[in-house]
Amino acid sequence: MSAQTTQQAGLGSTASESQKVLGVLLSEEERPTPSNPVSASLTFGWRAMLKIKHIPTQLFDVTIFPIIMTVMFTYIFGGAMGAVVSGTGQTGGVAISEYVQFFIPGIFVQTLIMITMYTGMTLNKDISKGIFDRFRSLPTWRPAQLVGALLGDQVRYALAGAIILGVGFLVGFRPEGGLGGAAAGFLLLLIFSFCLSWVWTTISLLLPTEEAVMGVSMTIMMPLTFASNIFVPTETMPDWLQNVVDHNPVSVVVTAIRELMDGVYDVTSVFTVMIYCVALVVIFAPISMVLYNRKS
């Protein structure tokens, strides 16, 4: 009986010591501060950047693709298209030189908005692997998991844009607005790319596989980019098509970027682009969150 009492006393002492240790470790005064929406979004954004570090092949689309597109359109189609843009009918080096000034801002926009499609594919892959099931169990601001992924992709967009402008300078592009105009156009395009990414986020949450996401995204993107003023002025198109192309969001962005790079700071053009940006976020961000919550 005394041995049992001694054993119980020992167990009670051990439990008491454990409680004291836990009391120190789990002190309410020293609990970590809960993450706010900004810090949570930045943390998930940093995760997206770490994925690039561990899988550098993800940068293939933002390095090789811009170079191929720029060089191909400049030297293969530049002579013929330059004759159309200049209106002189002359081809050759002069036409290419004139076309580069018109074309580089357009291909700059096309490359970045095409890359935004990979945001949806990456998100779909993460969700299918169950990674986001773990994220949803964390006590963080729920939209941070999506916002952070989009913020992380801004690094990829910035890299692609820098490559496009670098190659553009090598082939003879000289923006009349100087570095200030080019930087302003770059910033405006990054904002638009972030807002456009919400469209592909919605699509990625609607479709079951990344192949399906890619197929639908390309079906949407191809008419938007090619039925625009990226490659030729709208004045060269049929009358019935000009109004459609002029109101194409891609054409609106390209026009604003060209003006900024030419040193023309048209408030109306920039404001129109921002209206499109707000509309994309207001429409597709809530839809994305509803779909995302339904998957939890």
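Student: Where does pLDDT stay under 50 in this model?
Tutor: Over residues 3–12, and for that stretch the model has zero contacts beyond four places in sequence. Keep in mind that this is a predicted model. Where pLDDT is low, the coordinates should not be read in detail.

Student: Ok, and which helices have the lowest and highest confidence?
Tutor: Helix 1 (residues 2–25) is lowest, with a mean of 52, while helix 12 (residues 249–261) is highest at 94. For the protein, mean pLDDT is 81, and 82% of residues reach 70 or more.

Student: Switching topic: how many salt bridges does the structure hold?
Tutor: Just one. The side chains of Arg156 and Asp153 meet there, at 3.6 Å from N to O.

Student: Are those two buried or exposed?
Tutor: Arg156 and Asp153 are both buried. They sit three residues apart in helix 8 (residues 144–170), so about one helical turn separates them.

Student: What does UniProt label "transmembrane region"?
Tutor: The unreviewed entry gives that annotation to several spans, including 99–119 and 155–173. In the model, residues 99–119 are 95% helix and 0% strand, with end C-alpha atoms 31 Å apart. Residues 155–173 come out at 84% helix and 0% strand, and their end C-alpha atoms lie 24 Å apart.

Student: Which residues make the nonpolar surface patch?
Tutor: Phe60, Ile64, Ile68, Met72, Ile76 and Phe77, covering about 550 Å². Ile68, for one, lies in helix 3 (residues 60–75).

Student: Why does Ile68 count as partly exposed?
Tutor: Because its relative accessible area is 47%, and partly exposed runs between the 20% and 50% cut-offs.

How values were computed:
Residues numbered from 1 in each chain as written. Predicted model: local features only at pLDDT ≥ 70, side-chain atom pairs only at ≥ 80, totals over all residues. Heavy atoms only, no water. pLDDT = per-residue confidence, 0-100. Helix = DSSP H or I, 4+ residues; strand = E, 2+ residues; numbered from the N terminus. Contact = heavy atoms within 4.5 Å. UniProt positions renumbered as here; feature names shortened; annotations may be inferred. Patch = residues over 30% accessible without salt bridge, like charges linked within 9 Å, V, L, I, M, F, W, Y side chains within 5 Å. Areas by Shrake-Rupley, 256 points an atom, 1.4 Å probe, with all protein chains shown as cover. Salt bridge = Lys/Arg side-chain N within 4 Å of Asp/Glu carboxyl O. Buried < 20%, exposed > 50% of the residue type's maximum accessible area, 1.4 Å probe, protein only.
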